[in-house]
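Q: Could you take a close look at one helix in this structure for me, the partners it has and the contacts it makes? I would like one connected walk-through that I can follow beside the model.

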Amino acid sequence: MCGIVALYSSSPVNQRLYDALLLLQHRGQDAAGICTVDGRTFHMHKAMGLVRDVFRTRNMRDLLGNCGIGQVRYPTQGNAGSNNESQPFYVNAPYGLVMAHNGNLTNAETLLWELYDHDRRHINTTSDSEVLLNVFANELQLATQGKHLDEDCLFDAIKSMHKRLKGSYAVVCMISGHGLVAFRDPHGLRPLCIGTNTAEDGTTEYMVASESVALEGSEFKLLRDVEPGEAIWIDEKGNFHSRQCAEDVNMAPCIFEYVYLARPDSTIDGISVYAARLRLGEKLAEEIKKTIPLDEIDVVMPIPDSSRPAAAQLAKVLGLEYREGFIKNRYVGRTFIMPGQAIRKKSVRQKLNAMPVEFKDKRVLLVDDSIVRGTTITEIVKMARQSGARKVYVASGAPPVRFPNVYGIDMPTTNELIAGNGKDVESIRKEIGADALVYQTIEGMREAVGGLNPAVPDFDCSCFDGRYVTGDVSPAYLNFIEGQRKAAKEAKKKAEKEAEKEE
């Protein structure tokens, strides 16, 4: 999960790209980058950290030009601690390409060797995004041999690229001297939308972004979502072109976007994220009725922030009192992507503070959007009890997370998931220390989200049901990912020990 944005305008784009990235900051706090183009010259600045920390006045002044792209990075594949893997990525041929990518390629290792052995291209990082850039560059070079770059050449290159790539990818790219390109994988796993605005000189400006909130916050009108497999080209003269470039399209956006990842004020593939979360609360209320006597619940409380709509709607449906029992420190990052269990446990206490006046002598139903490792909810249950709660019930707006996510969300391996390896709900309840635990059903989740737009035929629910929509994720691949994760952990421990010795 990363956030990407692209802007084509008749005026400087540096400040508006910065502002758009701020609106997408929730999608990645690891690194940020912007690249603009002035004539045929690219200007880029990127670094580790939040948007507000990466860019200073001197950096912004250097980002010249009326077209640009940006990204906020969340580490999924590659070396999360390396500044070299911040995006956008650049390659000089053909023409000069700069790209930002949200998603994760599941065949990156195969492509890496193909690029070196067959295409004679060198990859200098461990990022699958650099692999993707070079696959596109190679196909574009082949498509334009002996020709000038035109609409057919560009879309033929993207069509050939789709045949080679597996996994999830929403992409924005600049081609020096030839404009702005955006495309989405054939399943539409990661979101991408496009908007327009009329500039002061009367020309049409275009913005492409991961979420509609970035467009609306930049005073652009949402035009539509980029369709799965579709490519869009705004050429150097500002002309808009689009074409379906994938032969086998099967729309199945990631349902976790609606459960947790996206901002509630966004609309993705015609579905309001806020409305989806309200409906998730309604469906969860049905499961509560089956499990906990309603007269045993005094109050419903959300675990801030993304569970608020579901918790409020659940309380309304059940006729229960809704209260805010936790105050959130907004300057602490998301705990499930933080390295190390000890750090995550400490971060929960830094992130949330319980108000004893709301818990004392009450039987409390805590509503969370999802439970991944279980670290956060275990600490929260303890906090509720320490604040005086008589009983603590827990309800999850999402089903048990039982399988790794391989499409761009850094969810852990099966052994690290609290519901992994088929662990039953009662065992999980005991582990987190709750008096009762209720999960959303997969069917309820699908109905809640899918019912808002029947035109979306399917969703990727792989972290809940183990069905990977790209069809290429095997047990061997999942074992490979787990091995990579273990190796990375061991390398980190070794580096930490060596650093201690030096001190």
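A: Happy to help: what follows centres on helix α9, with a few other places brought in for context. Please keep in mind that this is a predicted model.

Let's start with where α9 sits in the chain. The helix covers residues 273-291, and one of its neighbours is helix α10, residues 308-318. The axes of these two helices are 7 Å apart, and they pack at an angle of about 45 degrees. An angle from 35 up to 65 degrees is neither roughly parallel nor roughly perpendicular, so α9 and α10 are oblique to each other. Their crossing is right-handed.

Which residues make that contact? On the α9 side you will find Y274, R277, L278, G281, E282, L284, A285, I288 and K289. Facing them from α10 are P309, A310, Q313, L314, V317 and L318. Sorted by class, the contact of α9 with α10 holds 10 nonpolar, 2 polar and 3 charged residues.

Now for the salt bridges of α9. K283 pairs with E447, and the closest N and O atoms of the two are 2.8 Å apart. This pair ties together distant parts of the chain: K283 belongs to α9, whereas E447 lies in helix α15 (residues 442-450), 164 residues apart. How do the two ends differ in exposure, buried or partly exposed? K283 has a relative accessible area of 19%, under the 20% limit, so K283 counts as buried. E447, with 44%, is partly exposed because its value falls between 20% and 50%.

A second salt bridge stays inside the helix. K290 and E287 are joined with their closest N and O atoms 3.3 Å apart. Both residues lie in α9, 3 residues apart, which is about one turn of the helix. K290 is exposed because its relative accessibility is 64%, over the 50% limit. E287, at 14%, is buried.

For context, let's step away from α9. A search of the whole structure gives 35 salt bridges. One that involves a strand joins R73 and D30, with 2.6 Å from N to O. R73 is in strand β4 (residues 67-73), while D30 is in the loop between α1 (14-23) and β2 (31-38), so the pair links distant parts of the chain, 43 residues apart. Both ends count as buried, R73 at 4% relative accessibility and D30 at 17%. Elsewhere, salt bridges connect R27, R190, E211 and E257 into a network.

Another helix pair is worth setting beside α9 and α10. Helix α4 (residues 108-117) and helix α5 (residues 128-143) have axes that come within 10 Å and cross at roughly 50 degrees. That angle makes α4 oblique to α5. Here the crossing is left-handed, whereas that of α9 and α10 is right-handed. In α4, the residues A108, L111, L112 and L115 meet D128, V131, N134 and V135 of α5. The contact of α4 with α5 has 6 nonpolar, 1 polar and 1 charged residues.

To come back to your helix: α9 packs obliquely against α10, K283 of α9 reaches E447 in α15, and K290 and E287 are bridged within α9.

Key:
Residues are numbered from 1 along each chain as its sequence is written. This is a predicted model: local features need pLDDT of at least 70, side-chain atom pairs count only at pLDDT 80 or more; totals for chains, interfaces and linings use all residues. Side-chain values use heavy atoms; hydrogens and water are left out. A salt bridge is a side-chain nitrogen of Lys or Arg within 4 Å of a carboxyl oxygen of Asp or Glu. Helices (H or I, at least four residues) and strands (E, at least two) are DSSP runs, numbered from the N terminus. Buried means under 20% relative accessible area, exposed over 50%, partly exposed in between (1.4 Å probe, protein chains only). Axes are lines fitted to C-alpha atoms, for helices over the stretch in contact, and angles run from 0 to 180 degrees between N-to-C directions. Angles under 35 degrees count as roughly parallel, over 145 as roughly antiparallel, 65 to 115 as roughly perpendicular and the rest as oblique. A crossing is left-handed if the near helix is turned anticlockwise from the far one by less than a right angle, and right-handed if clockwise. Contact means heavy atoms within 4.5 Å. Ala, Val, Leu, Ile, Met, Phe, Trp, Tyr, Cys and Pro count as nonpolar, Asp, Glu, Lys and Arg as charged, and the others, Gly among them, as polar.
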